Number of protein chains: 2
Amino acid sequence: MAPEPKAIRDIEGLLIDVGGVLYQGSDAIEGSAEALARLRGAGIPFRLLTNTTRTTRAALAEKLRGFGFTVQEEEIITPASTAKAVLARDGALPHLLVHPCLLPDCPAEAASPNAVLIGDAGEHFTFGNMNRAFNVLIGGGRLYALGKNRFFRGEHGFELDAGPFVAALEYAAGVEAVLIGKPSRDFFLTAAKDAGLAPERVAMVGDDVESDVEGAIDAGLSAVLVRTGKFREEDEARARKSGARVAASLASFVSDLT
Amino acid sequence: MAPEPKAIRDIEGLLIDVGGVLYQGSDAIEGSAEALARLRGAGIPFRLLTNTTRTTRAALAEKLRGFGFTVQEEEIITPASTAKAVLARDGALPHLLVHPCLLPDCPAEAASPNAVLIGDAGEHFTFGNMNRAFNVLIGGGRLYALGKNRFFRGEHGFELDAGPFVAALEYAAGVEAVLIGKPSRDFFLTAAKDAGLAPERVAMVGDDVESDVEGAIDAGLSAVLVRTGKFREEDEARARKSGARVAASLASFVSDLT
């Protein structure tokens, strides 16, 4: 039997996924800007927690403001913004296989790399770039992944996220990536702490049943799967099985919460 | 304790890998052309068994003749030459993600595909092509892989083979590929049968400890790892552990055999 979701009165703050929850393609998802404003008005702390690693925090804040959201750069937590600390801790000097747009948030490319840092590089996942990363790994380099999401819904249908290319390099070099973004337990705990709340008081709201929902629950948070973005009907049973709620949208859930 | 390799007098025929065993880059490996001639002179049957799926059997035969080998197209067995029968058996209509050079040996691209056939497409592993294949799989399509080799030694160092990209699509769509080439058991057995020999009388000679050596032994053949091509020192212990022989080169092994 699936565990019961935590009572809604016990949820004191939210971590909110961005792509597929706040916006889709080039539009805000209906009601989501008002939902953030409502959280703010009710004094419910939140952070935006995203693995969509093609934009810096500053650019993402700017983009969201363009969609009508009121949001500060400091409210956004990304794997890249976390990567510098993680790599410095490990003495890792990275070769970067990330989207060029993300470079300002990333550690610098090392002259003599002993590691690879991979994100969803999109069209920059060329055969040549994959080979360059592979040659660092086969020389003994460690693999760090900003995320391991499988796919997302882009403007032209489903597109591969970083995960499949992480899996490709893991398979090629016989290594396992150190995951920095969702669903890494540390990433959820860091974000909850940044919001000033104990993990068990926080719910993660996302459209990815594996990375957002199961990841958050494994880390001791609550989770809400929304029926927007890349949601597919078959995700619902899986989310409920893990003890998550399912809501029509962020707006719908926030309206229940406040 | 590692199993003993089969006595050399019990080996009546060979399956021989091509890249890294017969030639490397743009040159024949020393002594390999003479080794094939010696096998022929001694009446020892052999087939060339390759996963290097960037060339048709006809083009590969022509290329090998250019390196000084005497070889007929019919002596070469490739995953593509086997794929047509396998896909027809399953009623699979493929979308092709293979190297364009290989197209003449492949089943035709289907107008409404219900499957993906993937080979080592090299620089044609673009983000767009990977996404197109992924969209067939997420729609319920079956994944067929000509090979799942990890990497090979190209003219510019180590390059990714089909395997990592197969792993990427498997991870993305949550499916497992049907493997057509090495190390598929059926592929070794078909090749031994084609050479007119029982599997236990045949040795596979290759430079890939996983795909050639362990694959052949799992299928009930003997195996010989050669120290040419992509051979790395650490491969030797792994090969011996599986009960394989290790030889300096094809020429060296054939000289012991004849």
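In this predicted model, G163(B) lies in helix α5 of chain B, a helix that covers residues 162-173. With a relative accessibility of 0%, G163(B) falls below the 20% limit and therefore counts as buried. Setting aside neighbours within four places in sequence, the contacts of G163(B) are Y171(A), G147(B), K148(B) and N149(B). One of these residues, Y171(A), belongs to chain A. Along chain B, G163(B) and G122(B) are 41 residues apart, and their C-alpha atoms are separated by 11 Å.

A second position in chain B is I118(B), which is found in strand β7, residues 115-118. I118(B) is likewise classed as buried, because its relative accessibility is 0%. Residues up to four places away in sequence are again left out of its contacts, which include L97(B), V98(B) and F125(B). I118(B) also touches L143(B), Y144(B), A145(B) and L146(B), as well as F165(B), V166(B) and L169(B). The C-alpha atom of I118(B) is separated by 13 Å from that of C101(B), a residue 17 places away along the chain.

The description now turns to chain A. Here strand β9, residues 151-154, pairs with strand β10, residues 157-160. The pairing is antiparallel and runs over four bridges. Two residues stand between β9(A) and β10(A), and the two strands form a hairpin. Within this pairing, R153(A) is placed opposite F158(A) of β10(A). In a regular strand, side chains point alternately to one face of the sheet and to the other.

How values were computed. Residues are numbered from 1 along each chain as its sequence is written. Chains are lettered from A and ligands numbered from 1 in the order in which they are written. This is a predicted model: local features need pLDDT of at least 70, side-chain atom pairs count only at pLDDT 80 or more; totals for chains, interfaces and linings use all residues. Side-chain values use heavy atoms; hydrogens and water are left out. Buried means under 20% relative accessible area, exposed over 50%, partly exposed in between (1.4 Å probe, protein chains only). Contact means heavy atoms within 4.5 Å. Two strands pair if DSSP finds at least two bridges between them.
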